[in-house]
Amino acid sequence: MSTLTAVPVVNEIAHAVACEVRDGLTANPKTLSPWLFYDEAGSNLFEEITRLPEYYLTRTERQIFTDHADEIVEQARQGKCLAIVELGAGTATKTGILLRATLRGQSRVVYQPVDVSPSALEEARESLEASFPGLTVRPNVANYVTEPLVIDRPPSSRLLALYIGSSIGNFTPAEARGILRNLREQLIPGDALLLGTDLAPGEHKDEAALLDAYDDAAGVTAAFNRNILARINADLGADFDAETFRHRAVWNAEASRIEMHLESTTRQTVDIPANAACPALSLEFEEGETIHTENSYKFTEASIGELLGDCGFTSEKSFRDAKDLFAVTLARAI
Ligand code: AVJ
């Protein structure tokens with residue numbers, strides 16, 4: 001057996017960080033990919049964001065699950081037994097509501113969370129199996145964005161795939177279609193998808209409130225955004241002074257997305273030492289130059305239907321909160 005295949009995941013991540021930074025920061029305009037936010041400090045900051053008064057997304061989706069869990073599960077199962085898969089599960093904190101509802105109608109359920117983080121999946125497995133007798137958690141460590149999915153189908157059950165938390169919002173329309181088509185390949189007609197998407201401003205949501213969700217008064221989102229620079233310093237030995245970059249949140253109406261940027265408040269040079277993926281870089285920033293760090297796409301009933309239709313699904317039912325801020329769509333594989 002070759003030892004070359006046993007590259008530890010940690011080195012793969014270090015290599016991916018180096019490649020991402022090389023490609024993004026030598027591009028014009030400069031960009032960085034949002035997955036870079038989620039080192040340990042960034043994951044903690046995101047948890048903090050989900051509790052902010054301005055950041056309505058997490059608590060609104062949780063409320064939709066709390067109010068409609070039985071209906072969602074009944075709609076998905078159509079009298080059959082369900083097995084549940086979740087893309088980007090993380091620690092699966094909201095999923096318990098749906099698992100509990102599923103276990104009201106069947107005595108056993110298999111839950112397959114897919115995530116790149118083995119530690120998050122292990123945490124999910126321990127806490128969920130302790131809370132729900134009848135639940136079997138089968139962690140699946142994989143990158144559902146870049147790798148073909150492998151999902152196990154327990155005999156004679158129908159699959160319900162969860163892609164919640166507005167995670168799909170981080171991807172361009174083309175990338176989002178790639179992800180849902182990758183999922184669809186593992187499903188058969190009659191299987192279900194539950195998709196959580198944030199809604200565009202309009203009749204029920206004003207643009208200012210949406211912007212506040214990405215630029216909170218306490219500055220937690222700003223710290224989350226700047227943490228990407230601290231991570232690059234820590235992982236690659238770069239010399240970013242994060243305090244010289246201002247957090248910017250912008251609504252791009254044409255693309256229907258919130259964009260986050262980091263804006264250099266001064267003309268400066270940032271150095272990144274050579275690494276396995278890249279020779280040493282000396283990066284010039286003009287005063288006011290930005291790094292585009294995130295897109296968060298916002299949807300309408302129509303754009304959700306279009307996305308699903310393009311990927312082999314049909315939308316069956318949309319579950320909303322009372323203020324119509326967020327949508328949870330139950331779709332069927334056709
Ligand atoms: C984790 C992608 C759903 O886009 O709202 C929160 C990330 N960025 N605040 C989102 C995020 C800034 C979040 N998602």
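**Exercise 1. The ligand and its polar partners**

Find which atom of the ligand is paired with the side chain of Ser 296, and at what distance; then describe the shell around the ligand.

*Solution.* In this predicted model, an N or O atom in the side chain of Ser 296 is 2.7 Å from an oxygen atom of the ligand. A second ligand oxygen distance to read off is the one to Tyr 55, where an N or O atom of the side chain is 2.5 Å away. Turning to nitrogen, a nitrogen atom of the ligand has a polar side-chain atom of Glu 294 at 2.6 Å. Taken alone the ligand exposes 350 Å², and the protein buries 96% of that area. The next step is to ask where the shell comes from: helix H2 (40–49) and strand S12 (290–297) are the elements that give two or more residues to it. In total 13 residues surround the ligand, with Gly 165 and Tyr 214 listed among the closest, and by class the shell has eight nonpolar, four polar and one charged residues.

**Exercise 2. The sheet that contains S12**

Work out the order of the strands in the open sheet, and explain which strands stand at its edges.

*Solution.* The open sheet has four strands in the order S1-S12-S9-S8, and its pairing is mixed. Strand S1 (30–31) and S8 each have a single partner strand, so one side of each is left without a neighbour in the sheet, and these two stand at the edges. At the S1 end, S1 and S12 pair in the parallel sense over two bridges, and Thr 31 has His 292 as its bridge partner in S12. At the other end, S8 (residues 245–252) and S9 (residues 257–264) pair in the antiparallel sense over eight bridges, one partner pair being Val 250 with Glu 259 in S9. S8 and S9 form a hairpin with four residues between them, and Ser 256 in the turn has a positive phi of about 55°.

To finish, sort the side chains of S8 by face. In a regular strand the side chains alternate between the two faces of the sheet. In S8 the covered face carries Phe 245, His 247, Ala 249 and Trp 251, whereas Arg 246, Arg 248, Val 250 and Asn 252 lie on the uncovered one.

**Exercise 3. The cysteines**

Decide why Cys 278 has no bond to Cys 19.

*Solution.* A disulfide requires sulfur atoms within 2.5 Å. The closest cysteine sulfur to that of Cys 278 belongs to Cys 19 and is 8.3 Å away, which is too far for a bond. The count of disulfides comes to zero. As to burial, Cys 278 counts as buried at 6% relative accessibility, and Cys 311 is buried with a relative accessible area of 4%.

Methods:
Residues numbered from 1 in each chain as written. Predicted model: local features only at pLDDT ≥ 70, side-chain atom pairs only at ≥ 80, totals over all residues. Heavy atoms only, no water. Near = heavy atom within 4 Å. Polar contact = N/O pair within 3.5 Å; in protein donor to acceptor, adjacent residues only side chain to side chain. Areas by Shrake-Rupley, 256 points an atom, 1.4 Å probe, with all protein chains shown as cover. Nonpolar A, V, L, I, M, F, W, Y, C, P; charged D, E, K, R; others polar. Buried < 20%, exposed > 50% of the residue type's maximum accessible area, 1.4 Å probe, protein only. Pairing = 2+ DSSP bridges.
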